[in-house]
Every structure is written in C-alpha cells, then in structure tokens.
Amino acid sequence: MSNVTSLSVNGVARPCDADAARSLLSVLRDDLALTGTKYGCGEGQCGACTVLVDGVPVRSCLTPVGTVGPQKITTVEGLAQDGKLHALQQAFLDLGALQCGYCTSGMLMSGVALLAKNPHPTDDEIVRFMDGNLCRCGTYPRIVAAIQQAARRTALPSAQPSKPGDTP
Ligand code: FES
Ligand code: FES
C-alpha cells in the first residue's frame, strides 16, 4: 500500500507522508503534532486515543492510517470554535471532571459523539456509551454530570420542556 500523503483533520487538509500501516494515533501525534490525543494502552482497551472519523468515535491506536482515506478526522484540538470551548469542554472545566487529565481528550471525543447521536441521554445511556473509556482517577460521576450539563446547555429550543400553559 502506498504512503498516505494527506489527511483531513479538524477541517483542514494536512499533508503528510506516512506508511499506510502506521496507526492514525502515531501520525496525528508524531507527524502532525496533534498531541491532545493520548497513547494509553495501545490495544484498544482504554479509549485515551479516541478521535472522530466522520463523526464516529474510533480507537486511533488500532486504526491504520491507510484506512482513513478522505474521511474527516476530528481531534480534541478541533472542538473549540472561534476561540470558544465546546460546551462539553466547558462543562468538564466547570464541574472539575478531570484529575490527571490523561483520559480527558478521549472522554470528550466520545461524549461529543454521544451528544450528536443522542442529545438528551439518560445517565444509564451515558454510562453504556462511555463504557470503553477508562479513567484511572475515577472521575466517572463528574464526567456523567458534565455530559448532562452540556446536553442541557446545547438543548434546542424545540427540545426544551414546555412551560405551564403551553398547548401540547
Ligand atoms: S491507547 Fe487506544 S484504546 Fe488505549
Ligand atoms: S482524569 Fe486521570 S485518568 Fe481520567
């Protein structure tokens, strides 16, 4: 397989020259200097390396870069827009949903994917969806709370609970 010469990352075409068999994680971190995505286990077990590929959370440690093609990659560096943190990043900060922070970028990417798919998840749905992301510091309750806060803050007007007196 020929080398990968370009990747679409965070809305920008990034030139590269990477052996197609290398992991997406390695190319993001070592070639493109996007070190927000972390190397944890390297075996698909911890979720620290999670990025979005066309909106789907993937384990970049197990993803050969040659399989990505023209799909759009989003890393934690791509969540903030116009200098403003993503609602989920802000919620992590507001609620202290991190200690050492090593799992955080992976948690954020999985959480963003969850909210895109299910804007109003229950706590159980959050726990199930985030099951593959491990936090050695045990901040799980705050992570769930942060996802709930982001869900509330990004709720569409049509999704708001109706006010007393509203016609159903
Ligand atoms: S580093 Fe990829 S799942 Fe742990
Ligand atoms: S905050 Fe330390 S591993 Fe999650």
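Reader: What makes the crossing of α2 and α3 right-handed or left-handed?
Author: Imagine looking at one helix in front of the other: a crossing is left-handed if the near helix is turned anticlockwise from the far one by less than a right angle, and right-handed if clockwise. α2 passes α3 in a right-handed crossing. Helices here are DSSP runs of H or I with at least four residues, strands are runs of E with at least two, and both are numbered from the N terminus.

Reader: Before we go on, how do you know what the numbering and the model stand for?
Author: Residues are numbered from 1 along each chain as its sequence is written, while chains are lettered from A and ligands numbered from 1 in the order in which they are written. This is a predicted model, in which local features need pLDDT of at least 70 and side-chain atom pairs count only at pLDDT 80 or more, whereas totals for chains, interfaces and linings use all residues.

Reader: Why are α2 and α3 called oblique to each other?
Author: Their axes come within 10 Å and cross at roughly 130°. Axes are lines fitted to C-alpha atoms, for helices over the stretch in contact, and angles run from 0 to 180 degrees between N-to-C directions. Angles under 35 degrees count as roughly parallel, over 145 as roughly antiparallel, 65 to 115 as roughly perpendicular and the rest as oblique. The angle between α2 and α3 falls into the rest, and therefore the two are oblique.

Reader: Which residues of α2 and α3 meet, and how do you know that they are in contact?
Author: Two residues are in contact if their C-beta atoms, placed from the backbone, lie within 7 Å. Leu 88, Gln 89 and Phe 92 of α2 meet Thr 104, Leu 108, Gly 111, Val 112 and Leu 115 of α3. Five of the residues in this contact are nonpolar, three are polar and none is charged. For these classes, Ala, Val, Leu, Ile, Met, Phe, Trp, Tyr, Cys and Pro count as nonpolar, Asp, Glu, Lys and Arg as charged, and the others, Gly among them, as polar.

Reader: What makes α2 and α5 parallel, antiparallel, perpendicular or oblique?
Author: Helix α2 (residues 87–95) and helix α5 (residues 140–153) pack at about 130°, with axes 8 Å apart. That angle also belongs to the rest, so α2 and α5 are oblique. The contact draws on both helices, including Phe 92 of α2 and Ile 147 of α5. By class, this contact has nine nonpolar, one polar and three charged residues.

Reader: Why is α3 called oblique to α5?
Author: The axes of α3 (residues 104–117) and α5 cross at roughly 40° and come within 11 Å. The angle again fits none of the named ranges, which makes α3 oblique to α5. Met 107, Gly 111, Leu 114 and Leu 115 of α3 meet Ile 143, Ile 147, Ala 150 and Ala 151 of α5. Seven of these residues are nonpolar, one is polar and none is charged.

Reader: Turning to the strands, how do you know that β3 and β4 pair?
Author: Two strands pair if DSSP finds at least two bridges between them. β3 (residues 50–53) and β4 (residues 56–59) have four bridges, in the antiparallel sense, so they pass that test. Val 53 stands opposite Val 56, and Leu 52 has Pro 57 as its bridge partner.

Reader: Which strands stand at the edges of the sheet, and why?
Author: The open sheet has five strands in the order β2-β1-β5-β3-β4, with mixed pairing. β2 (12–18) and β4 each have a single partner strand, so they stand at the edges, and one side of each is left without a neighbour in the sheet. The twist averages 40° from one strand to the next. α3 packs on the sheet, where α3 touches β3 and β4.

Reader: How do you know where the domains lie?
Author: Domain bounds come from an automatic or database domain assignment. That assignment gives domain 1 (4–78) and domain 2 (87–157). Their C-alpha centres lie 21 Å apart. The contact takes 14 residues from domain 1 and 12 residues from domain 2.
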